[in-house]
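Student: I am new to this entry and would like to learn how to read its features one at a time. Could you take me through them?

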Amino acid sequence: MTELPAGGLLEARDEEERAALIEAGRLLFARPCTFFTAAQALDHLPPPEGVEVALAGRSNVGKSSLMNALTGQNALARVSHTPGRTKQLNFFTLDGRLTLVDMPGYGFAKAAKSVKEDWQGLMFNYLRGRPNLRRVLLLLDARIETKASDHAVMDLLDKAAVAFQLVLTKADDVKPTALAAREAEVQALARKHPAGHPLVLVTSSRTGRGMEELRAELAALA
């Protein structure tokens, strides 16, 4: 049996190791993924057990669609559509092997200042104090430029010393030349941040592009 590279796809030395990671990701996400709790304050967080990976992004970046595509469960994101979800962390367990944390969306143009401040405070305190948080997947829209709020969150992750990996979403809606340019831009951006992971993943929830690679990356952490 091929030993999985701990560093994920970036450290795969050949096609055999890459294929082993892809298969590990397939097997991991063949397990049932279920919602188990939500937290609107630090004292509501579940015990820090097992490996956690958080998903963050602007409010319209397609986070729920990506979670559905990643887990192969079309109804999974319905749980995160409950009232008040903009201020809470939603926890999903992948059959006890991995916990996915759906973080509040940011960049709400119409949100009250107090809501934004509460969200930023909760997010930073969670990031800074969660010992089992292995990585944050920071989603960026492939169709548009990186927003000021995205840059602010990257700086926040650097400050919290939490590793993050940039994931481009909605790639099916971008022409190949423009997508290649956007990917190169985001790779350069990741290299500028101490906490940034050098591998940028390009995904489409509609076509399934990049899901194998994303599952493989998470399997290397689990």
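Tutor: We will go from the overall fold to the aromatic rings, and then to a cavity. This is a predicted model, in which local features need pLDDT of at least 70 and side-chain atom pairs count only at pLDDT 80 or more, while totals for chains, interfaces and linings use all residues. Residues are numbered from 1 along each chain as its sequence is written, and side-chain values use heavy atoms, with hydrogens and water left out.

Student: How many helices and strands are in the protein chain?

Tutor: Helices (H or I, at least four residues) and strands (E, at least two) are DSSP runs, numbered from the N terminus. Here the protein chain has 6 helices and 7 strands, and read along the sequence they follow the pattern α-β-β-α-β-β-α-β-α-β-α-β-α.

Student: What share of the residues counts as buried?

Tutor: Buried means under 20% relative accessible area, exposed over 50%, and partly exposed in between, with a 1.4 Å probe and protein chains only. Of the 222 residues of the protein chain, 49% count as buried.

Student: How many aromatic pairs does the structure hold?

Tutor: Rings of Phe, Tyr and Trp (its six-membered ring) pair if their centres lie within 6.5 Å; planes under 30 degrees apart count as stacked, over 60 as edge-to-face and the rest as tilted. The structure holds 3 such pairs. In one of them, the ring centres of Phe 35 and Phe 92 are 5.6 Å apart and the planes meet at 70°, so the pair is edge-to-face. This pair links distant parts of the chain, with Phe 35 in strand β1 (residues 33-39) and Phe 92 in strand β3 (residues 89-94), 57 residues apart.

Student: Are these two rings buried or exposed?

Tutor: Phe 35 is partly exposed, with a relative accessible area of 32%, whereas Phe 92 is buried, at 1%.

Student: Where is there a cavity, and which residues line it?

Tutor: On a 1 Å grid over the protein atoms alone, a cavity is a set of points where a 1.4 Å probe fits but cannot get out, and lining residues have an atom within 4 Å of a point. Grid points are joined across faces, edges and corners, and a volume is the space filled by probe spheres set on the points. A search of the whole structure finds 1 cavity of 30 Å³ or more, and the largest cavity has a volume of about 50 Å³. Its lining includes Arg 58, Asn 60, Leu 139 and Arg 182, and β5 gives the most to that lining, with 3 residues.

Technical notes
On a 1 Å grid over the protein atoms alone, a cavity is a set of points where a 1.4 Å probe fits but cannot get out, and a pocket is an open set with protein on both sides within 12 Å along at least five of seven lines; lining residues have an atom within 4 Å of a point.
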